Amino acid sequence: MKKYFIGATILAVSSIVNAVPNLWENHSIKGYDVYKISSSDNKILRVMCNSASSTNFIHLIEFDINEKTYPHTNLSFVIDETEVITPTIDTITYTDSEHWYKLTSAFADANKIEVYYKDKLETTIYPQNPQLTYDLKNCPSMLERKLQEQSEEEGKEYIPSCPLA
């Protein structure tokens, strides 16, 4: 229930400002780094990195169509006409952790993002300022954050695992 409350709060705050099409925006709220971009037809993609909130909460990916918000389920993306990615946000397993890094790196480097909802192309976004998403590439998965916390509790040096770019 708490994760939905935080998601609703983030959505409400990040939806207040109308976005300039094809430009990434970034802000932080309640332990989340929020990356938001809209298409020329006013559809909004939001990637929310849980960078400082409790590790009990997950990352969030949402897509707004006509003022209605859809979570990551049923979303998929084609990046630069070559890579198809279906998002995962529960990044506690090694496989999901690798998948999260693939997704965030693809968004950060993309020249073209095709957004699909229920296998239907909804919009195409042409990011004009990918440098703003540099930190998105380094958004740690929940597995990575838990491993880091565990190392710190044990007084050991933390060495990132393989999927980190």
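How exposed is Lys102? Lys102 is partly exposed, with a relative accessible area of 39%; on this scale buried means under 20%, exposed over 50% and partly exposed in between, using a 1.4 Å probe and protein chains only.

A word before the views. This is a predicted model, where local features need pLDDT of at least 70 and side-chain atom pairs count only at pLDDT 80 or more, while totals for chains, interfaces and linings use all residues. Residues are numbered from 1 along each chain as its sequence is written, and side-chain values use heavy atoms, with hydrogens and water left out.

**View 1. Lys102 meets Glu83 in a salt bridge.** A salt bridge here is a side-chain nitrogen of Lys or Arg within 4 Å of a carboxyl oxygen of Asp or Glu. For Lys102 and Glu83, the closest N and O atoms are 3.8 Å apart. The partners come from distant parts of the chain: Lys102 sits in helix H2 (residues 94-109) and Glu83 in strand S7 (residues 83-85), with their positions 19 residues apart in sequence. Helices (H or I, at least four residues) and strands (E, at least two) are DSSP runs, numbered from the N terminus. Glu83, like its partner, is partly exposed, at 27% relative accessible area. Look through the whole structure and you'll find eight salt bridges.

**View 2. Asp41 and Lys43 belong to a salt-bridge network.** Lys120 and Glu122 are linked into this network too. Zoom in on Asp41 and Lys43, and their side chains meet with 3.7 Å from N to O. Asp41 is partly exposed, with a relative accessible area of 40%. Lys43, on the other hand, counts as buried at 13%.

**View 3. Arg46 reaches both Glu62 and Asp64.** Start with the salt bridge: the side chains of Arg46 and Glu62 come together at 3.3 Å, N to O. That pair links distant parts of the chain, with Arg46 in strand S3 (residues 44-50) and Glu62 in strand S4 (residues 60-65), 16 residues apart. Now turn to Asp64, whose side chain is joined to that of Arg46 by a polar contact of 2.9 Å. A polar contact is a pair of N or O atoms within 3.5 Å; within protein, one must be able to donate a hydrogen and the other to accept it, and residues adjacent in sequence count only if both atoms are side-chain atoms. How buried is Arg46? Its relative accessible area is 0%. Glu62 is buried as well.

**View 4. Cys49 and Cys139 are joined by a disulfide.** A disulfide is a covalent bond between the sulfur atoms of two cysteines. The rule used here asks for a pair of cysteine sulfur atoms within 2.5 Å, and the count comes to one disulfide. In this link the S to S distance is 1.9 Å. With 100° about the S-S bond, the link of Cys49 and Cys139 is right-handed. Cys49 is in strand S3, while Cys139 is in the loop between helix H3 (134-137) and helix H4 (142-153), 90 residues apart. Both ends are tucked away: Cys49 is buried at 2% relative accessibility, and Cys139 is buried at 1%.

**View 5. Trp24 and Phe107 form a tilted aromatic pair.** Rings of Phe, Tyr and Trp (its six-membered ring) pair if their centres lie within 6.5 Å; planes under 30 degrees apart count as stacked, over 60 as edge-to-face and the rest as tilted. There are three aromatic pairs by this rule. Trp24 and Phe107 are 6.4 Å centre to centre, with 55° between the planes. Trp24 lies in the loop between helix H1 (2-14) and strand S1 (25-29), and Phe107 in helix H2, 83 residues apart. Both residues are buried. Ring pairs also bring in Phe77, making a cluster of Trp24, Phe77 and Phe107.

**View 6. Phe107 is among the best-connected residues of the largest nonpolar core.** Such a core is a set of buried Ala, Val, Leu, Ile, Met, Phe, Trp, Tyr and Cys residues joined through side-chain atoms within 4.5 Å. This one has 33 residues, and those with the most contacts inside it are Leu45, Ile61, Phe77, Ile79, Phe107 and Ile113. Elements giving two or more residues include strand S2 (32-38), strand S6 (75-79) and strand S8 (113-117). Leaving aside neighbours within four places in sequence, Phe107 is in contact (heavy atoms within 4.5 Å) with residues including Val47, Thr133 and Leu136.
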